[in-house]
Amino acid sequence: MKFETLTIHKGIHRTDSNRPIVQPITLSTNFEHGSGPMIYTRAENPNRSALEELLAAMEKGTDAAAFSSGNAAGTAVFQALEPGSHIIAPDDMYHGLAQSMKTLFAGIHEVSFVDMSDLQQVKNAIRPTTRLFWVETPSNPLLKISDVRAISALAKEQGALLACDNTFATPVFQNPLDLGADIVMHSSTKYFGGHSDILGGALIAKEKSDFWKKIRAVQHIGGAVPSPTDCYYLARSIRTLAYRMRGHAQHAMILADFLSQHPKVEKVFYPGLKKHPGHEIAAAQMSGFGGMLSFTVIGGAGEADAVVSKLQLFANATSLGGVESLVERRAAVEGPNTKTPQNLLRVSVGLEHTDDLLEDLAQALG
């Protein structure tokens with residue numbers, strides 16, 4: 001099946017005798033012994049099983065595990081690693097997972113944060129104990145592009161795993177498992193949910209390896225799983241993912257072009273722009289460039305904050321991937337130790353009409 005068809009028809013289990021077209025929500029926390037494979041909803045639930053089947057199909061994997069948040073999903077990978085493992089991760093990776101590595105796993109694993117778009121830096125960071133390469137492409141918030149195929153080759157030479165955070169691209173535009181990754185991670189709060197009202201995360205495996213079995217154990221025993229209702233609404237939102245992503249990407253390209261020519265804008269970070277340093281790699285491993293962009297305002301934090309305060313349609317809020325456009329000065333959110341430029345604004349481009357979005361940006365920039 002083509003992607004659009006797959007997202008509409010996969011992961012629907014019609015167990016009700018009335019044969020509903022939409023799978024109902026099974027809220028029961030427990031199941032009668034002997035009636036089937038399910039015993040307790042922390043371990044397995046009909047709605048979560050349906051969602052996981054859909055997620056695995058979208059990313060062309062063999063299995064998927066749904067979690068209660070993106071951070072819970074990413075943290076499960078670190079939990080499954082043997083103590084003393086060395087991880088190579090992006091120096092501009094998502095702040096929440098970076099904090100997980102630095103705090104929850106301090107003294108358990110060692111982490112080298114490098115520019116993953118620079119293959120030489122990745123090579124230089126490899127140690128005998130390197131067990132995981134963590135890639136985020138496009139990255140958050142600088143939209144850097146990492147060469148997944150090249151880093152996969154390094155991981156295989158090392159006998160290590162490659163995990164890829166595919167949240168920004170989604171499987172609509174990028175399939176990291178096809179590029180050599182072993183595990184794909186998503187914050188399903190973002191584009192999968194698509195309406196800023198569901199919290200969730202997901203991991204998808206290329207193979208049901210021993211390491212994957214450890215991740216499943218973390219999910220089962222740790223219990224950081226989404227509710228049946230969240231699983232139901234995530235699956236429902238995914239049915240329109242392909243069409244929403246095309247709109248997000250089309251709009252982001254239009255805004256990136258406008259911003260790149262504006263005299264008050266210092267630099268635009270969007271891989272769809274030909275002058276983006278990762279454009280050629282992005283074009284080779286992505287079929288679209290996504291709905292996220294960042295740009296730096298000429299000046300400092302004050303000038304960037306002034307632009308945000310004047311915007312009418314772009315809500316000043318954290319998160320991304322909803323139908324509404326969002327903006328935030330990312331350094332203010334990440335705190336005093338951030339490496340993100342103080343004058344950088346991260347934009348989640350929504351599905352409003354682009355004429356309205358362009359008019360709003362023009363009046364805010366002045």
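## Charges over rings

A charge sits over a ring if NZ of Lys or CZ of Arg is within 6 Å of the ring centre and within 35 degrees of the ring normal. In this predicted model, Lys102 does that over the face of Phe113, at 5.3 Å from the ring centre. Arg246 lies over the face of Tyr243, at 5.1 Å from the centre of that ring.

## Ring pairs

Rings of Phe, Tyr and Trp (its six-membered ring) pair if their centres lie within 6.5 Å; planes under 30 degrees apart are stacked, over 60 edge-to-face, the rest tilted. That gives three aromatic pairs. Tyr232 and Tyr233 make an edge-to-face one, with 5.0 Å centre to centre and 85° between the planes. Phe78, Phe105 and Trp134 are linked into a cluster by ring pairs.

## The sheet and its helices

Five strands (DSSP runs of E, at least two residues, numbered from the N terminus) make an open sheet ordered β8-β9-β12-β11-β10, with mixed pairing (at least two DSSP bridges between two strands). At the edges are β8 (265-269) and β10 (315-316), each pairing on one side only. Strands β9 (292-297) and β12 (344-348) run antiparallel over five bridges, and Thr296 has Leu344 in β12 as its bridge partner.

Helix α10 (241-260; helices are H or I runs of at least four residues) packs on this sheet, touching β8 and β9 (heavy atoms within 4.5 Å). Its direction makes about 15° with that of β9, using axes fitted to C-alpha atoms, for helices over the stretch in contact, with angles from 0 to 180 degrees between N-to-C directions.

## Ground rules

Residues are numbered from 1 along each chain as its sequence is written, and side-chain values use heavy atoms, without hydrogens or water. Local features need pLDDT of at least 70 and side-chain atom pairs 80 or more, while totals for chains, interfaces and linings use all residues.
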